[in-house]
Amino acid sequence: EDYPFDGRTNAGPLVEVTPQEDGSALAVIDATNKSGTVYFDLDEGRELKTDEALDTNAWDLAFQRFTVTMNGGGGNPSGQVRVAVLGDMFWDALATAPVGGYQQDASQTVFNGVAGGWYSYDLGEHRLLPREALLYVVHSSTGRYFKLQMLSYYDSAGTPARLSLRYQP
């Protein structure tokens, strides 16, 4: 439905964070602009505009459509963010960050390449489906640890590139 892209972008915030009762937060990232990148700071739970993100190096994850990069390695060689990918792990079962297994982006991004990537592609429906058995632990730009789970690539109206994820320190 978004092809060809008409050039319109969301005039509102590109990141909406809603705290949840269990201490986690639900974030909706509007990555509908095909040429834009949305920078997200997990520590503060907010979007960083491009200038601020690049000037302060305080961002943790960046979203461009379905591609998720981190502030470290190939995403930004001067960044310190690292990510551990945990397969067959349930949200409630993860109470502490693992000691090892952290990676930075290289020739492929950790979110899009490790363990098959954060999504699978349904050829019949032509839809991206999150891999529910994958959890991520993000070692943020300030040294904090967050568990993170990708929930959806579409919003409730079916609009693509409106990613939903939940995260928790």
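# Salt bridges, strands and cores

Q: What makes the pair Glu52 and Arg46 a salt bridge?
A: The closest N and O atoms of Glu52 and Arg46 are 2.5 Å apart. A salt bridge needs a side-chain nitrogen of Lys or Arg within 4 Å of a carboxyl oxygen of Asp or Glu, so the Glu52–Arg46 pair, at 2.5 Å, earns the name.

Before we go on, a word on the source: this is a predicted model, where local features need pLDDT of at least 70 and side-chain atom pairs count only at pLDDT 80 or more, while totals for chains, interfaces and linings use all residues. Residues are numbered from 1 along each chain as its sequence is written, and side-chain values use heavy atoms, with hydrogens and water left out.

Q: Why are Glu52 and Arg46 called partly exposed?
A: Buried means under 20% relative accessible area, exposed means over 50%, and partly exposed lies in between (1.4 Å probe, protein chains only). Glu52 has 28% and Arg46 has 30%, so both fall in the partly exposed range.

Q: How many salt bridges does the rule give?
A: The count comes to 6 salt bridges. One of them joins the side chains of Asp43 and Arg144, at 3.9 Å from N to O. Asp43 lies in the loop between strand 3 (38–41) and strand 4 (46–48), and Arg144 in the loop between strand 11 (134–139) and strand 12 (145–154), so this pair ties together parts that are 101 residues apart in sequence. Strands here are DSSP runs of E with at least two residues, and helices are runs of H or I with at least four, numbered from the N terminus.

Q: Is Asp43 buried or exposed?
A: Asp43 has 17% relative accessibility, so it counts as buried. Its partner Arg144 has 36% and so counts as partly exposed.

Q: Which label, buried or exposed, fits Glu47, and which fits Lys49?
A: The side chains of Glu47 and Lys49 meet in a salt bridge of 3.3 Å, N to O. Glu47 has 16% and is therefore buried, while Lys49 has 52% and is therefore exposed.

Q: What joins Asp30, Asp155 and Arg162 into one network?
A: Salt bridges that share partners do this. Arg162 sits in strand 13 (residues 160–168) and is buried, with a relative accessible area of 16%.

Q: How do you know that Arg162 makes polar contacts with Asp30 and Asp155?
A: A polar contact is a pair of N or O atoms within 3.5 Å; within protein, one must be able to donate a hydrogen and the other to accept it, and residues adjacent in sequence count only if both atoms are side-chain atoms. The side chains of Arg162 and Asp30 are in contact at 3.5 Å, and those of Arg162 and Asp155 at 3.4 Å, so both values fit the limit.

Q: What makes strand 2 and strand 13 a pair?
A: Two strands pair if DSSP finds at least two bridges between them. Strand 2 and strand 13 run antiparallel and are joined by 6 bridges, so they meet the rule. Asp30 stands opposite Arg162 in strand 13.

Q: Where does strand 13 stand in its sheet?
A: The open sheet has 7 strands in the order 1-2-13-12-11-7-8, with antiparallel pairing. The edge strands are strand 1 (15–19) and strand 8 (102–103), each pairing on one side only. Of the 9 residues of strand 13, 8 are buried, so this strand is largely enclosed by the rest of the structure.

Q: Which residues have the most contacts inside the largest nonpolar core?
A: They are Phe63 and Leu148, in a core of 33 residues. A nonpolar core is a set of buried Ala, Val, Leu, Ile, Met, Phe, Trp, Tyr and Cys residues joined through side-chain atoms within 4.5 Å. Strand 12 gives the most to this core, with 5 residues.

Q: Why is the aromatic pair of Tyr39 and Trp59 called edge-to-face?
A: Rings of Phe, Tyr and Trp (its six-membered ring) pair if their centres lie within 6.5 Å; planes under 30 degrees apart count as stacked, over 60 as edge-to-face and the rest as tilted. For Tyr39 and Trp59 the centres are 5.1 Å apart and the planes 70° apart, so this is an edge-to-face pair. Both Tyr39 and Trp59 are buried.
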